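Thanks for making time. I have one structure to go through today, so let me put it on the screen.

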Amino acid sequence: MKRIIATALLAFLSTSTLWGQTFLDSTVNSASKRIFFADPKKLSVGSYGEAHYNAPIEAGKFRNAEADLHRVILFMGYKFNSKLQFFTEIEFEHVKEIYVEQAFIDYSFNSAFNVKAGVILIPMGYVNEFHEPTLFNGVERPSIDKYLIPTTWSEIGVGFHGLIKKANLKYQIYAVNGFNGYNGSAKFSGSSGLRSARQKGSEAALRTPAVTGKLTFFGLNGLRLGVSGYYGTSETSMYDGLDRNDAAAIASADSTRVGILMGSTNIQYNIGDFQILAVGSYTKLSNVDQYNGYTGSTLGKDLIGYYGEVSYKLDLKKDGYPKLIPFVRYEKYNTHYRVEGGTTQNLAYDHEILTGGIGLQITPGTIVKTDYQWVKTVTNPKPTGLFNLGFGYWF
Amino acid sequence: MKKTLKVISFVSVLAVLFAFANPEKKINKLVSKIWKDQPTSLHLVDLPDSLDATISQLHEIRSNDEILGYACYTSAFGCKVGGCTAPGNPNVDGYETFDYIVIYDKDISILKVDIANYGGQYGYEICRANWLAQFIGQTMGFKLEDNIDGISGATVSASYLIDDLNQVGKTLKTLQGNKII
């Protein structure tokens, strides 16, 4: 509060002639910059969150609707010096569950080379990295960003990122702890793929790190094109304390691990006030027959998902806000796209979702969203409906 | 897997070795590209007190005794590593600064804008050379989505870079009018 008053005061002062001959203009920028440099603020705080109302609509059935404070995130950054900073996001999910979604130190050598270590976001797809409610359309995150790319997906890791300016590329590469696919029972499943096996950096089992990276091209006006990959082998609790000479036990333990190769692309293109967003993700797993055989799970071998979305930003006032953002999105995903011989393909995992909705962005940091979703599967081709209403903020 | 880790550590060591460069070095690199066949030297300008903390460094670019132009190393507000505040928010806690270099000819027309250091997760699209080329040949009066293309995903950084460039251009004109440079 003090700082806001001080800024306002400085902005006022700089418009007057109190400083005698001044070479500065009276923009917020110059005033804020003065304060910033005179007393570099080391601690920064912020928050974002979303409240949702979801009402399923199914012909001939009563369905309960749900009101949920889905998430509130408090973030905090501390700058030790101009190069080194710490950043953390503490998340409260559904009011009562607490997660540390991000907690890392970042050391910047220059634009081209920065080192990051701690609990970091896996740079797959779009929403996992850009998950603040004003940055994506629709109340709920797309299903691809839930079942194929298990958003919010963060793990402990270390790596580096930077900009290759000549090529208009941003790169990121990290070594991270992987999924834990077996912990007394199967964590991977046919319906939600790898999602339940995320370790989120919490007492994570780690024998072999996974590698993940992303290249983002920003060389054409309005276009952002990202390609990312993830490669690793899942962890298992069975290796812990295993005798190195016990071949039978090792073979059993090996049956609880799965090799994971995941690729995703995201394309964002803005033409005037129109935006087109397309995301695709493909996951290829190995050792699935052994895994399903040993654990009784029904994990698919290949998982696929993609969506395309078109939205339009309509300024309701001349200065840009509020904005009305209508959008449509078509999603298709299948966690049983291909299965191993021993697993029966479940066609109920082959989903199609059509979403149409509208967002009212009141200020850059506040948004009210509403949409309607038609969800159908191959086994249930008559779509069921879902009405969503939500509020999101970010400051 | 071990091989991958080895490669990663090797690349990081290399990158660390090449990563340190001071502002003068960066400016010199840009200057030598603009005036390819002339010997150039940088001369730090002693700025009036009222400009402290606004422009980090201002250099005169000379070739022998002739002034070719000016190089300015300064910074503008961008997004923090983890997030971004809406443009115009006077609360400086919401921002992080990034360094940039702007090179002018002797009439204070922009010859080159280069982002020297950008670490934020959002807004890095302002580093695109084509977008930065829009400033060339002018001094100030830049306006986002008017004479400068809007840049989706980087509105905050773009707004403040433009604001800062307008500021620096104006400041340099005033300094020149007052015969300080």
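I will go through confidence, then chain A, then chain B.

To be clear at the start, this is a predicted model. The overall scores are ipTM 0.77 and pTM 0.85. By chain, the mean pLDDT of chain A is 88, with 90% of its residues at 70 or more. One stretch of chain A needs a warning: over residues 1-28 the pLDDT is below 50. That stretch still has 44 contacts in the model, beyond near neighbours in sequence. Where pLDDT is low, the predicted coordinates should not be read in detail. Chain B averages a pLDDT of 81, and 78% of the residues there score at least 70.

Now chain A. Its secondary structure comes to 5 helices and 19 strands. Of its 395 residues, 44% are buried. If you take the contacts in chain A with a separation of 6 or more, 59% of them are between residues 24 or more positions apart.

Let me take the strands around S16 of chain A. S16(A) covers residues 323-338, and 9 bridges join it to strand S14(A), residues 302-312, in the antiparallel sense. Within that pairing, Tyr307(A) is opposite Glu331(A). S16(A) also runs antiparallel to the short run S15(A), residues 314-315, through 2 bridges. There, Leu314(A) has Leu324(A) as its bridge partner. Then there is strand S17(A), residues 350-363, which is antiparallel to S16(A) and joined to it by 12 bridges. Glu331(A) turns up again in this pairing, standing opposite Ile353(A) of S17(A).

Next, helix H5 of chain A, residues 288-295. Which of its residues are buried? They are Val288(A), Tyr291(A), Asn292(A), Tyr294(A) and Thr295(A). As a reminder on spacing, an α-helix has 3.6 residues a turn, so residues three or four places apart point the same way. The cover over the buried residues of H5(A) includes strand S8 (180-182), helix H4 (247-254) and strand S13 (274-286), all of chain A. After H5(A) comes Gly296(A), with a positive phi near 80°.

Two single residues in chain A are worth setting side by side. Glu89(A) sits in strand S3(A), residues 84-93. Is Glu89(A) buried or exposed? Glu89(A) is buried, because 25 other C-beta atoms lie within 10 Å, and the cut-off for that label is 20 or more. The C-alpha atoms of Glu89(A) and Leu360(A) are separated by 26 Å, with their positions 271 residues apart along the chain.

The other one is Ala249(A), which lies in helix H4 of chain A. Ala249(A) has 15 other C-beta atoms within 10 Å, so it is classed as partly exposed. Leaving aside residues up to four places away in sequence, Ala249(A) touches Leu242(A) and Asp243(A). From Ala249(A) to Ile120(A), 129 residues apart along the chain, the C-alpha separation is 34 Å.

On to chain B, and its sheet. Five strands form an open sheet here, in the order S1-S2-S3-S4-S5, with antiparallel pairing. At the edges are S1(B), residues 41-44, and S5(B), residues 110-117, each pairing on one side only. On average, neighbouring strands in this sheet are turned by 25° against each other, direction ignored. Inside the sheet, S3(B), residues 66-78, and S4(B), residues 96-105, pair over 10 antiparallel bridges. One of the matched pairs is Phe77(B) with Thr97(B) in S4(B).

What packs on this sheet? Helix H2(B), residues 23-34, does, touching S1, S2 (57-63), S3, S4 and S5 of chain B. The direction of H2(B) makes about 35° with that of S4(B). Helix H4(B) packs on the sheet as well, touching S3 and S4 of chain B, and its direction makes about 145° with that of S3(B).

Last, the core. The largest nonpolar core has 90 residues, and those with the most contacts inside it are Cys72(B), Val102(B) and Ile126(B). Helix H4(B), residues 155-177, gives the most to this core, with 9 residues. As for Val102(B), its contacts are Cys72(B), Ile110(B), Val113(B), Leu165(B) and Val168(B), not counting residues up to four places away in sequence.

That is all from me.

Key: Residues numbered from 1 in each chain as written. Chains lettered and ligands numbered in written order. Predicted model: local features only at pLDDT ≥ 70, side-chain atom pairs only at ≥ 80, totals over all residues. Core = buried A, V, L, I, M, F, W, Y, C linked by C-beta atoms within 7 Å. Buried ≥ 20, exposed ≤ 12 C-beta atoms within 10 Å, placed from the backbone. Helix = DSSP H or I, 4+ residues; strand = E, 2+ residues; numbered from the N terminus. Contact = placed C-beta atoms within 7 Å. Pairing = 2+ DSSP bridges. Axes fitted to C-alpha atoms, helices over the stretch in contact; angles between N-to-C directions. pLDDT = per-residue confidence, 0-100.
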